[in-house]
Amino acid sequence: MILFPIAYYLTASRTNTPFARYGVVLVPALAVAAGVLSADLIARPRVRNAARVLTGLVAVVTVLYAVAYMHVYAAPDSRLAASRYLAR
């Protein structure tokens, strides 16, 4: 499972013009890897509390980022607002 993200990254990073959309393919593999790492750390008694705090922090930051990103779509698109203004 770990070979796919590495092989894909090496293949996609060879282009002269890297695009973020090519990295979207890596998101599921990286999410699974993060979940496995989190579960493994929580299973260890010595670092259980730190792992829980870190996992919670990652979850909170992810939710805040998603809310901030969705806030972009709260306002109408400027192109649509301009076309409505010009149509009047």
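**Entry 1: Arg 79 and its partner**

I started at Arg 79, which counts as exposed because its relative accessibility is 64% and the cut-off for exposed is over 50%. I note here that the model is a predicted one.

Next I asked which residue forms a salt bridge with Arg 79. The partner is Asp 77, and the closest N and O atoms of the pair are 3.0 Å apart. That distance satisfies the rule for a salt bridge, because the rule asks for such atoms within 4 Å. I wrote down the general idea as well: side chains of opposite charge can pair when their charged atoms come close.

I then looked up Asp 77 for accessibility. Asp 77 has 30% relative accessibility, so this residue counts as partly exposed. How many salt bridges does a search of the whole structure find? The search finds one.

**Entry 2: The chain as a whole**

I listed the secondary structure next. The chain has four helices and zero strands. Read from the N terminus, the order of elements is α-α-α-α.

I then checked the overall dimensions. The C-alpha trace spans about 65 × 35 × 15 Å along its principal axes. The radius of gyration of the chain is 20 Å, whereas a compact globule of 88 residues would have one near 12 Å.

What share of the 88 residues counts as buried? I found 7%. For the surface, I noted an accessible area of about 7,900 Å², with 71% of that area belonging to carbon and sulfur atoms.

**Entry 3: The largest pocket**

I looked up the volume of the largest pocket, and it comes to about 220 Å³. Which helices each supply at least two residues of its lining? They are helix 2, residues 27-43, and helix 3, residues 48-71.

I copied out the lining residues: Ala 34, Gly 35, Leu 37, Ser 38, Leu 41, Ala 51, Leu 54, Thr 55, Val 58 and Ala 59. Sorted by class, the lining has seven nonpolar residues, three polar ones and no charged ones.

I picked Val 58 from the lining for a second look. Val 58 sits in helix 3. Is Val 58 buried, partly exposed or exposed? Its relative accessible area is 48%, so Val 58 is partly exposed; the cut-off for exposed is over 50%. I also took a distance from Val 58 to Val 32: the two are 26 residues apart in sequence, and their C-alpha atoms are 14 Å apart in space.

**Entry 4: Helix 1 and the loop after it**

I went to Ala 7, which lies in helix 1. Ala 7 has 42% relative accessibility and therefore counts as partly exposed. From Ala 7 to Ala 33 is a step of 26 residues along the chain, and the C-alpha atoms are separated by 15 Å.

Where is Asn 16 found? Asn 16 is in the loop between helix 1, residues 3-12, and helix 2. Asn 16 counts as exposed because its relative accessibility is 78%. I then compared its place with that of Ala 34, one of the pocket-lining residues. Asn 16 and Ala 34 are 18 residues apart along the chain, with 29 Å between their C-alpha atoms.

**Entry 5: The loop before helix 4**

My last stop was Ala 74, in the loop between helix 3 and helix 4, the latter covering residues 78-87. Ala 74 has 57% relative accessibility, so it counts as exposed. How far is Ala 74 from Tyr 8, C-alpha to C-alpha? I got 35 Å for this pair, which is 66 residues apart in sequence.

Notes: Residues are numbered from 1 along each chain as its sequence is written. This is a predicted model: local features need pLDDT of at least 70, side-chain atom pairs count only at pLDDT 80 or more; totals for chains, interfaces and linings use all residues. Side-chain values use heavy atoms; hydrogens and water are left out. On a 1 Å grid over the protein atoms alone, a cavity is a set of points where a 1.4 Å probe fits but cannot get out, and a pocket is an open set with protein on both sides within 12 Å along at least five of seven lines; lining residues have an atom within 4 Å of a point. Grid points are joined across faces, edges and corners, and a volume is the space filled by probe spheres set on the points. Ala, Val, Leu, Ile, Met, Phe, Trp, Tyr, Cys and Pro count as nonpolar, Asp, Glu, Lys and Arg as charged, and the others, Gly among them, as polar. A salt bridge is a side-chain nitrogen of Lys or Arg within 4 Å of a carboxyl oxygen of Asp or Glu. Buried means under 20% relative accessible area, exposed over 50%, partly exposed in between (1.4 Å probe, protein chains only). The radius of gyration is taken over C-alpha atoms; the globule rule is 2.2 Å times the number of residues to the power 0.38. Accessible areas come from the Shrake-Rupley method with a 1.4 Å probe; for residues, only the protein chains shown count as cover.
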